[in-house]
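Trainee: I would like a close look at one part of this model, taken residue by residue. Please start from a single side chain and its contacts, and then work outwards to the rest of the chain.

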Amino acid sequence: MQLSKKNEVQKILAKKFFVTKIGERIATISDLQKELGVGTGTIQSAIKEFESLGVVQIKAQPRYGTVLEDKNMGQLWQYLQKNNIVGLMPSPISLEMQGLAMGLREEFHKQGIPLILVYGYGSSVRFDKILSEVSEEDFVVSSVGSAIDRQKTAEQLEMSLKFGAHSFYEKDSLVIVSNRPILDKNEKLRIGIDYRSYDHMILTKAIFPNQEYVSVDVEYENVPLKVTKGEIDCAIWHKTKQTNLVISESIYLTDIDLDQSITEEISEAVLTINHENEITRAVLEHIDLTNVHKIQTAVISEKVNPIY
């Protein structure tokens with residue numbers, strides 16, 4: 001359906017207001033008239049309608065210009081004609097990811113922004129998707145370490161929200177999953193590695209630095225199954241309070257002790273966008289990280305049932 005001239009102007013203005021921060025100066029009517037190629041009356045009418053509906057509040061300041069005093073993100077969203085924001089997250093098999101997803105959902109809901117979360121893939125695949133020129137995805141949740149590594153070859157990646165220490169992996173939650181109680185370091189083990197996951201590769205190299213082994217490419221979420229079926233001897237795994245739901249009695253968990261310099265960056269979750277994605281950046285500026293952390297903590301401690 002073809003938009004009327006007024007609707008076209010409102011759509012453009014809505015995006016401008018959406019990405020403008022509270023307190024920032026907005027373009028003058030004459031500048032907007034030159035940019036949009038419409039009469040000043042059409043622009044003024046569109047802005048006045050926004051004000052009367054409570055979509056935005058603007059105020060003229062002497063010798064400075066007109067500034068954006070307030071805005072309703074949900075109402076502005078209706079004019080953008082964008083269906084939703086799409087986020088890519090690791091598989092929600094851990095309470096950390098379930099809590100993080102629940103926290104993000106609540107924060108988007110508070111703004112009136114529809115959010116779709118897609119789970120799975122390795123971090124490399126998730127980053128590929130938001131870097132694609134035809135991307136339909138808006139952000140990636142990964143470890144800080146994974147994001148830093150990918151930024152080395154993709155400078156357009158922007159880490160927008162860091163969720164704090166141990167928001168990706170709880171402290172002391174990393175283990176070796178194996179098919180025997182004790183691993184013989186002289187044995188040539190079949191070790192499962194998810195080559196789509198930066199974290200999994202780094203952790204494996206750190207735990208088995210001098211071990212001669214046969215690497216077997218596995219998807220991270222399938223590690224316990226592959227050990228149970230005897231297709232691999234062991235792999236790095238993330239122990240959570242739900243571990244008993246995904247492992248059997250025939251496999252063993254061994255705690256591992258890693259240097260903090262290795263685990264610090266991969267233990268913190270971060271939300272990354274393509275720096276050209278102004279719309280998503282504007283939404284993220286209104287995320288209350290304290291509330292996200294509060295919800296994630298409540299999920300991890302099993303005080304609330306996650307909705308993710």
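Mentor: Leaving aside neighbours within four places in sequence, Phe-17 is in contact with Ile-26, Phe-50, Val-56, Ile-58, Leu-68, Lys-71 and Leu-76. Keep in mind that this is a predicted model. Phe-17 sits in helix α1, which runs over residues 5-19. Its relative accessibility is 4%, so Phe-17 counts as buried. To place Phe-17 against another part of the chain, take Ser-173: the two are 156 residues apart in sequence, and their C-alpha atoms are 44 Å apart in space.

One name in that contact list leads further. Phe-17, Phe-50 and Tyr-79 are linked into a cluster by ring pairs. A pair of aromatic rings is described by two values, the distance of the centres and the angle of the planes. The structure holds 8 aromatic pairs. In one of them, Phe-50 and Tyr-79 meet edge-to-face, with 4.8 Å from centre to centre and 70° between the planes. This pair links distant parts of the chain, as Phe-50 belongs to helix α3 (residues 40-52) and Tyr-79 to helix α4 (residues 73-80), 29 residues apart. Phe-50 has a relative accessible area of 0%, and is therefore buried.

A second pair makes a useful contrast in geometry. The ring centres of Phe-108 and Phe-139 are 6.2 Å apart and the planes stand at 35°, so this pair is tilted. Phe-108 is part of helix α5 (residues 95-111) and Phe-139 of strand β5, so the pair ties together parts 31 residues apart in sequence. Both Phe-108 and Phe-139 are buried.

Strand β5 also leads to the next element, helix α10. The cover over the buried residues of α10 includes β5 (139-143), α7 (144-151), α8 (198-207) and β12 (269-274). Which residues of α10 are the buried ones? In this helix, residues 260-267, they are Thr-263, Ile-266 and Ser-267. They span an arc of only 100° around the axis, which means that they are on the same side of α10. The face turned away from that buried side carries the exposed residues Ser-261 and Glu-264.

Helix α10 also takes part in a pocket. The largest pocket holds about 350 Å³ of space. It is lined by 16 residues, and those closest to its centre are His-166, Lys-171, Asp-172, Thr-263 and Ser-267. Thr-263 and Ser-267 have already appeared among the buried residues of α10. With 4 residues, α10 gives the most to this lining. By class, the lining of the largest pocket has 5 nonpolar, 5 polar and 6 charged residues.

Enclosed space is counted separately. The model has 2 cavities of 30 Å³ or more, and the largest cavity has a volume of about 270 Å³. Its lining has 18 residues, with Pro-90, Phe-168, Tyr-169, Ser-197 and Tyr-220 nearest the centre. The elements that give two or more residues to this lining are α6 (123-131) and α8. The lining of the largest cavity divides into 7 nonpolar, 7 polar and 4 charged residues.

Now compare the starting residue with a glycine elsewhere. Gly-192 is in strand β8 (residues 189-193). Its relative accessibility is 0%, so Gly-192 counts as buried. Not counting residues up to four places away in sequence, Gly-192 touches His-200, Thr-204, Val-216, Val-218, Ile-232, Cys-234 and Ala-235. The C-alpha atom of Gly-192 is separated by 37 Å from that of Pro-114, which is 78 residues away along the chain.

Last comes the chain as a whole. The protein chain has 12 helices and 12 strands. Its C-alpha atoms fill a box of roughly 80 × 40 × 40 Å, taken along the principal axes. Of its 308 residues, 44% count as buried; Phe-17 and Gly-192 are among the buried residues described above. Many of the links described here bridge separate stretches of sequence, and the contact total can be put beside them: among contacts between residues at least 6 apart in sequence, 73% join residues at least 24 apart.

Notes
Residues numbered from 1 in each chain as written. Heavy atoms only, no water. Buried < 20%, exposed > 50% of the residue type's maximum accessible area, 1.4 Å probe, protein only. Arc of directions from axis to C-beta. Contact = heavy atoms within 4.5 Å. 1 Å grid on protein atoms, 1.4 Å probe; cavity = no way out; pocket = protein on both sides within 12 Å on 5 of 7 lines; lining within 4 Å. Points joined across faces, edges and corners; volume = space filled by probe spheres on them. Nonpolar A, V, L, I, M, F, W, Y, C, P; charged D, E, K, R; others polar. Phe/Tyr/Trp six-rings, centres within 6.5 Å; stacked < 30°, edge-to-face > 60°.
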